[in-house]
Amino acid sequence: MFLPVRDAFSPEVRQNFRLHRRPEERVQVLGGSMDLVRPEEVFHFVAGKIAARESAVVANHNLHSLYLIRKDEKLAEFFRTSDLIEVDSVPLIFWARIVGRASRRFHRCTYLDWRDAFWERAIKEGWKVFFVGGAPGVGEKAAARIQADWPDAQIRVHHGYFDVSQHSAENQAVVDAISAYQPDIVLVGMGMPRQEIWVLENQAKFGPCVTFTVGGAFDYEAGVQRPSPRWMGQVGMEWLFRLMIDPQRLFRRYCVEPWHLMGVAMGDLARAIVRPTGSRKDLEAARAEYARATDLARSDILGGR
């Protein structure tokens, strides 16, 4: 039932990926839609959008966002209109596997997990990146640390402490700064749901680029917040580390909100139980597809597919 550690750490698993997404990679779990893609597939999608000079939004779902979309219609609209929705939660990946989805540990996509691969790709492709988020001075410190590791990284920043109402002068100034820079990538880290609603309301004004919501990525880059050890993220215990660091702010998120998802969780289980009662032909086809996906992930042949 649990996902093998090899799913996350095996070199061939991390290097193999499909060049074309299939419709079944977008799944419905706990009341939300999300894409079972690994970081390499995300970057391939992004590179295609940039090459075509098309805009796109890459969102990410976790248990917190799945709770909030039931309370906030604008946030729900953001996820409905996003082009790609990463899974930012190993417990969510575990749950998807339990209810019959072909989710694997390497489908977890967060900034801290794909940071190195992202900046290497950005430099190789010459991507220009604009950061929006963090307190004043945090973005500059984060950019300096990134450029210490990747001197050729092209980065502009703006803090996230401004009036985000649509018609405010401050908001317009930020949008104008992004548009003038003509970035390929915009990373927005202003906390959920503020960042998602801001992207929903303003992304169309940026020009052709790919926009990511990245939460506290700038704070981690700048050293303002302490990230959990990456192994804790891979085994689904990052939430516990964060709760121990900041219990007052995160207790409700991690210890109360998930209980509000019990109703949709029971619905997932009911559908998982009913699904095998379909035709034998459908069941065999589903098993064959799952086996094919597993073989693909474990292939020793490197390169895209």
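Modeller: Buried means under 20% relative accessible area. With that cut-off, and bearing in mind that the model is predicted, we may begin with helix 6.

Colleague: How many residues of helix 6 are buried?

Modeller: Helix 6 spans residues 90-98, and 7 of its 9 residues are buried, which makes it mostly covered. The buried residues are Val90, Leu92, Ile93, Phe94, Trp95, Ala96 and Arg97. The list therefore includes an arginine, Arg97, alongside residues such as Val90 and Leu92.

Colleague: Which residue caps the N-terminal end of helix 6?

Modeller: The cap is Ser89, which places a side-chain oxygen 3.1 Å from the backbone nitrogen of Leu92. After the helix comes Gly100, with a positive phi near 95 degrees.

Colleague: Where do positive phi values occur in residues other than glycine?

Modeller: Two cases deserve inspection. Leu30 has phi near 50 degrees and is found in the loop between strand 1 (26-29) and strand 2. Arg53, also not a glycine, has a positive phi of about 55 degrees; its place is the loop between helix 3 and strand 3.

Colleague: Are Leu30 and Arg53 buried or partly exposed?

Modeller: The cut-off of 20% decides the matter for Leu30. Leu30 has 6% relative accessibility, so it counts as buried. Arg53 is partly exposed because its relative accessible area is 45%.

Colleague: Which peptide bond is cis?

Modeller: The bond from Met192 to Pro193 is cis, with omega near 10 degrees. Pro193 is placed in the loop between strand 7 and helix 10 (194-202).

Colleague: Let us turn to the sheet. In what order do the strands lie?

Modeller: Six strands form an open sheet with the order 4-3-8-7-5-6, and their pairing is parallel. Strand 4 (84-87) and strand 6 stand at the edges with a single partner strand each, so one side of each has no neighbour in the sheet. From one strand to the next, the twist averages 20 degrees.

Colleague: How many bridges join strand 3 to strand 4?

Modeller: Strand 3 (residues 56-61) runs parallel to strand 4 and is joined to it by 4 bridges. Within this pairing, His61 stands opposite Val87.

Colleague: Which strands pair with strand 5?

Modeller: Strand 5 pairs in the parallel sense with strand 6 (residues 154-158), over 5 bridges, and with strand 7 (residues 185-189), also over 5 bridges. Val129 stands opposite Ile155 in strand 6, whereas Val132 stands opposite Val188 in strand 7. Between strand 5 and strand 6 the chain passes through helix 8 (residues 138-149), and this β-α-β crossover is right-handed.

Colleague: What should one expect of side chains along a strand, and is strand 5 mostly covered or uncovered?

Modeller: In a regular strand, side chains alternate between the two faces of the sheet. In strand 5, 5 of the 6 residues are buried, so the strand is mostly covered by the 20% cut-off.

Colleague: How many aromatic pairs are there, and how is their geometry read?

Modeller: Two rings pair if their centres lie within 6.5 Å; planes over 60 degrees apart make the pair edge-to-face, and those between 30 and 60 make it tilted. The count comes to 14 aromatic pairs. One of them, Phe43 with Phe118, is tilted, at 6.2 Å centre to centre with 50 degrees between the planes. Phe43 belongs to helix 3 (residues 39-51) and Phe118 to helix 7 (residues 111-125), 75 residues apart, so the pair links distant parts of the chain. Both residues, Phe43 and Phe118, are buried. The Trp119 and Phe131 rings have centres 6.2 Å apart and planes at 80 degrees, so that pair is edge-to-face. Trp119 lies in helix 7 and Phe131 in strand 5 (residues 128-133), 12 residues apart.

Colleague: Are Trp119 and Phe131 buried or exposed?

Modeller: Trp119 is buried, with a relative accessible area of 0%, and Phe131 is buried at 1%. Ring pairs link Phe43, Phe118, Trp119 and Phe131 into a cluster that also includes Tyr111, Trp114, Trp127, Phe212 and Phe218.

Colleague: Which charged residues sit over rings?

Modeller: The charged end of Arg38 sits over the ring of Phe106, 4.0 Å from its centre. Arg194 lies over the face of Phe162, 5.9 Å from the ring centre.

Colleague: What contacts does the side chain of Asp35 make?

Modeller: Asp35 is in strand 2 (residues 32-35) and is buried, with a relative accessible area of 0%. A polar contact of 2.8 Å joins its side chain to that of Arg26. The side chain of Asp35 also reaches the backbone nitrogen of Ile85 at 2.7 Å.

Notes:
Residues numbered from 1 in each chain as written. Predicted model: local features only at pLDDT ≥ 70, side-chain atom pairs only at ≥ 80, totals over all residues. Heavy atoms only, no water. Phe/Tyr/Trp six-rings, centres within 6.5 Å; stacked < 30°, edge-to-face > 60°. Helix = DSSP H or I, 4+ residues; strand = E, 2+ residues; numbered from the N terminus. Buried < 20%, exposed > 50% of the residue type's maximum accessible area, 1.4 Å probe, protein only. Lys NZ or Arg CZ within 6 Å of the ring centre and 35° of its normal. Pairing = 2+ DSSP bridges. Right-handed = clockwise from strand over helix to strand, strands pointing away. Polar contact = N/O pair within 3.5 Å; in protein donor to acceptor, adjacent residues only side chain to side chain. Axes fitted to C-alpha atoms, helices over the stretch in contact; angles between N-to-C directions.
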